[in-house]
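Trainee: Please choose one part of this structure and look at it closely with me, starting from a single side chain and working outwards. I would like each term explained where it comes up.

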Amino acid sequence: MTAPDGEQVVLDDVGQKIVFENDEVRVWEITLAPGEQQLWHRHHNPYLVIALEAADNRIDPLDGGEPRLVHESAGGVVYREPGETHMLTNRGATHYRSRLVELKYLGEGARS
């Protein structure tokens, strides 16, 4: 894959550590210190993000679209559709920690 600046991109995992997995779901842990990034990754499954520690984050899509600035409140939950390739950066002054729940049964494990 190629980034908007022409740089070749190798995709990383959607999280840093799998904390639970079965045939239906996969749960990742994500922790980012202020300024730290979750490298380029692509979501192949619909997913939920559950913020355990709040932070101000920036989502940069690989396709060159506008960055999205999001505040993730502790205890907040968001649902996102699969397909986007992006990078996540903790742009705030607080430590960010979340659980990302991939719904495999609606994505890679879906029955045709």
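Mentor: A polar contact is a pair of N or O atoms within 3.5 Å; within protein, one must be able to donate a hydrogen and the other to accept it, and residues adjacent in sequence count only if both atoms are side-chain atoms. This is a predicted model, in which local features need pLDDT of at least 70 and side-chain atom pairs count only at pLDDT 80 or more, while totals for chains, interfaces and linings use all residues. Residues are numbered from 1 along each chain as its sequence is written, and side-chain values use heavy atoms, with hydrogens and water left out.

With that in place, we can begin at Arg42, whose side chain makes a polar contact with the side chain of Thr85 at 3.1 Å. A polar atom of the Arg42 side chain also lies 2.6 Å from the backbone oxygen of Gly83. If contact is taken as heavy atoms within 4.5 Å, and neighbours within four places in sequence are left aside, Arg42 is in contact with Leu11, Val14, Gly83, Glu84 and Thr85. Asp13 is 29 residues from Arg42 in sequence, yet the two are 7.8 Å apart in space, C-alpha to C-alpha. Is Arg42 buried, exposed or partly exposed? Buried means under 20% relative accessible area, exposed over 50% and partly exposed in between, using a 1.4 Å probe and protein chains only; Arg42 has a relative accessible area of 32%, so it counts as partly exposed.

Arg42 is found in strand E3, where strands (E, at least two residues) and helices (H or I, at least four) are DSSP runs numbered from the N terminus. Strand E3 covers residues 37-42 and, among the elements of the protein, has the lowest mean pLDDT, 94, whereas E1 has the highest, 98. Here pLDDT is the predictor's confidence in each residue, from 0 to 100; the protein as a whole has a mean of 93, with 98% of its residues at 70 or more.

Thr85 leads us on to strand E8 (residues 85-90), in which six of six residues are buried. Both of its faces are covered, with Thr85, Met87 and Thr89 buried on one side and His86, Leu88 and Asn90 buried on the other. Two strands pair if DSSP finds at least two bridges between them, and E8 pairs in the antiparallel sense with E3 over four bridges and with E5 over five. Within these pairings, His86 of E8 is the bridge partner of His41, while Asn90 of E8 is that of Asn57.

Leu88 of E8 also belongs to the largest nonpolar core, which has 13 residues and in which Ile30, Leu32, Val49, Leu88, Tyr96 and Leu100 touch the most other members. A nonpolar core is a set of buried Ala, Val, Leu, Ile, Met, Phe, Trp, Tyr and Cys residues joined through side-chain atoms within 4.5 Å. At least two residues of this core come from each of strand E2 (25-32), strand E4 (47-53), strand E5 (55-61) and strand E9 (96-103). Separate from it is a second core of five residues, which includes Met87 together with Ala3, Trp40 and Leu62. Returning to Tyr96, its contacts beyond four places in sequence include Leu88 and Asn90 of the strand just described, as well as Asn57 and Glu72.
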